[in-house]
Amino acid sequence: MVKERARILVVGGGYVGMYTALRLQRKLKAELRRGEIEITVVTPDPYMTYQPFLPEAAAGSISPRHVVVPLRRVLDQCHVVVGEATAVDHAARTATVTTLATADAGRTELFGYDELVLAPGSVARTLPIPGLAEYGIGFKTVEEAIGLRNHVIEQMDIASSTRDPAIRDAALTFVFVGGGYAGVEALGELEDMARYAARYYHNVRAEDMRWILVEASDRILPEVGADMGRYTVTQLRRRNIQVLLGTRLESCADRVAVLSDGQRFPTRTVVWTAGVRPHPLLVATDLPLTDRGKLRCTAQLTVEGAEHAWGAGDAAAVPDVTAADPGARTAPNAQHAVRQARVLGDNLVHTLRGEPLDTYRHAYAGSVASLGLHKGVAQVYGRRLKGYPAWFMHRVYHLSRVPTVNRKARVLAEWILSGLFKREIVSLGSLEHPRAEFELAARGKHPHDPKGSS
């Protein structure tokens, strides 16, 4: 039993943060009822995003609200604080947090803790490329996924309503940078969606659109193996998608994508999915980091040389005890994050009760990737799948992994309905600027009045 009141602070509401808090909530039911344990989750968003479903949300196969899991509903025994942790002083057992209540006033709050679970995840890894900050589009959050869907349909509307060939060509050219899961799946799903939407435009054909995948290395989807990567390149090229390997984006200033091989593509769409890096919060802590900026962790998911500190997921360098190489680290993916969270939660409970810790070990089961409706690639337990079987495996696997029975049922229902009815091709771009029309009206200008619109 826990001998004294323990304050557990979980920083991050992603895979590791949510699943760790959920594990603690289940394992410490009696202690929570008696008030011996206090679990606080600090997260910038009040929900956990199931990122493997972002491409399908962008394509309209899944509703955006079913891609996220509300933390307050799932973690009903925890104190969920919507805010951003900006620093951690582990020596003093305090975390500096900017909450919604203090952000406007420019103030911060100090959260004390006895046990710290540091799982802020990762952020997009960008490069100092001219024009990227102004014109680039990320693909890591549900807001970005829906924004990209609206943007693609808006470009088709622009192309349909102009007689200027330069504007039309730029609107119908879509450049994706990064050949990992996010880039390939987003490209595959959105090209599939745009191809379907083109049938409803009287002057835009699927053949008019130009889709380009730029990858700096000599292969894409390294997680599914070299053979499946080559197969994916072949399938994408058969869909008239240009796959440029060993190529980098040099600039996208003035809405022109300039590549390292000298090619130039006037475009209004540059999607950046070229990797991630550890969250900047980590450098604002007094905890040990690797040369790549990740938390230096043990196989028991404790932070090396720091008692009462724990780490897992994208932000942590966790030894892979199943690998032949003694210096190997586990891959930063959802498969490891979910399983690490379970072991982390159990080990934290073991620590509170004075029990020995478990070692995290998990042999990589394989990878699945969707390339659009009824198309995919997979390598699971050494077996390779292509086309429809891989696509079906992709859906079955992720349906089994998405949190809560509620979300599973809703996603399954939407898949069934999307199979019975036609796709929705509506762009709701105004959702990104909901006050624009009212602001114009308040200034005495009507948005549909040519004299009053900007």
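This report describes the nonpolar cores, the cysteines, a surface patch and some loop residues of one protein structure. The model is predicted, and the residue numbers start from 1 along the chain.

**The interior**

The largest nonpolar core holds 114 residues, and the members that touch the most other members are Ile8, Leu75, Leu118, Met156, Phe176, Met209 and Trp211. If residues up to four places away in sequence are set aside, Met209 touches Met156, Leu172, Phe174, Ala194, Arg195 and Ala198. A second core, separate from the largest one, has 15 residues, among them Leu132, Val177, Leu244 and Ala274.

**Cysteines**

A disulfide is a covalent bond between the sulfur atoms of two cysteines. How many disulfides does the structure hold? The number is zero. Cys78 counts as buried because its relative accessibility is 12%, which is under the 20% limit for that class. Cys252 is also buried, since its relative accessible area is 1%.

**A nonpolar patch on the surface**

On the surface, Leu412, Ile416, Leu417, Leu420 and Phe421 together make a nonpolar patch of about 530 Å². One of these residues, Phe421, lies in the loop that runs between helix H13 (405-420) and helix H14 (436-442). Is Phe421 buried or exposed? Phe421 counts as exposed because its relative accessibility is 56%, and the exposed class begins over 50%.

**Loop residues**

Three further residues in loops count as partly exposed, and the table gives the place and relative accessibility of each.

| Residue | Loop | Relative accessibility |
|---|---|---|
| Arg255 | between strand E14 (249-251) and strand E15 (256-259) | 33% |
| Ala331 | between strand E21 (316-317) and helix H11 (334-352) | 35% |
| Thr404 | between helix H12 (387-401) and H13 | 28% |

Most residues other than glycine have a negative phi. Against that background, Arg255 has a positive phi, near 60°, although this residue is not glycine. Thr404 likewise is a residue other than glycine with a positive phi, in this case near 70°.

Ala331 can also be placed relative to Leu244, which was named above as a member of the second core. Ala331 and Leu244 are 87 residues apart in sequence, and from C-alpha to C-alpha they are 25 Å apart in space.

Terms used: Predicted model: local features only at pLDDT ≥ 70, side-chain atom pairs only at ≥ 80, totals over all residues. Heavy atoms only, no water. Patch = residues over 30% accessible without salt bridge, like charges linked within 9 Å, V, L, I, M, F, W, Y side chains within 5 Å. Areas by Shrake-Rupley, 256 points an atom, 1.4 Å probe, with all protein chains shown as cover. Salt bridge = Lys/Arg side-chain N within 4 Å of Asp/Glu carboxyl O. Helix = DSSP H or I, 4+ residues; strand = E, 2+ residues; numbered from the N terminus. Buried < 20%, exposed > 50% of the residue type's maximum accessible area, 1.4 Å probe, protein only. Core = buried A, V, L, I, M, F, W, Y, C linked by side-chain atoms within 4.5 Å. Contact = heavy atoms within 4.5 Å. Disulfide = S-S within 2.5 Å.
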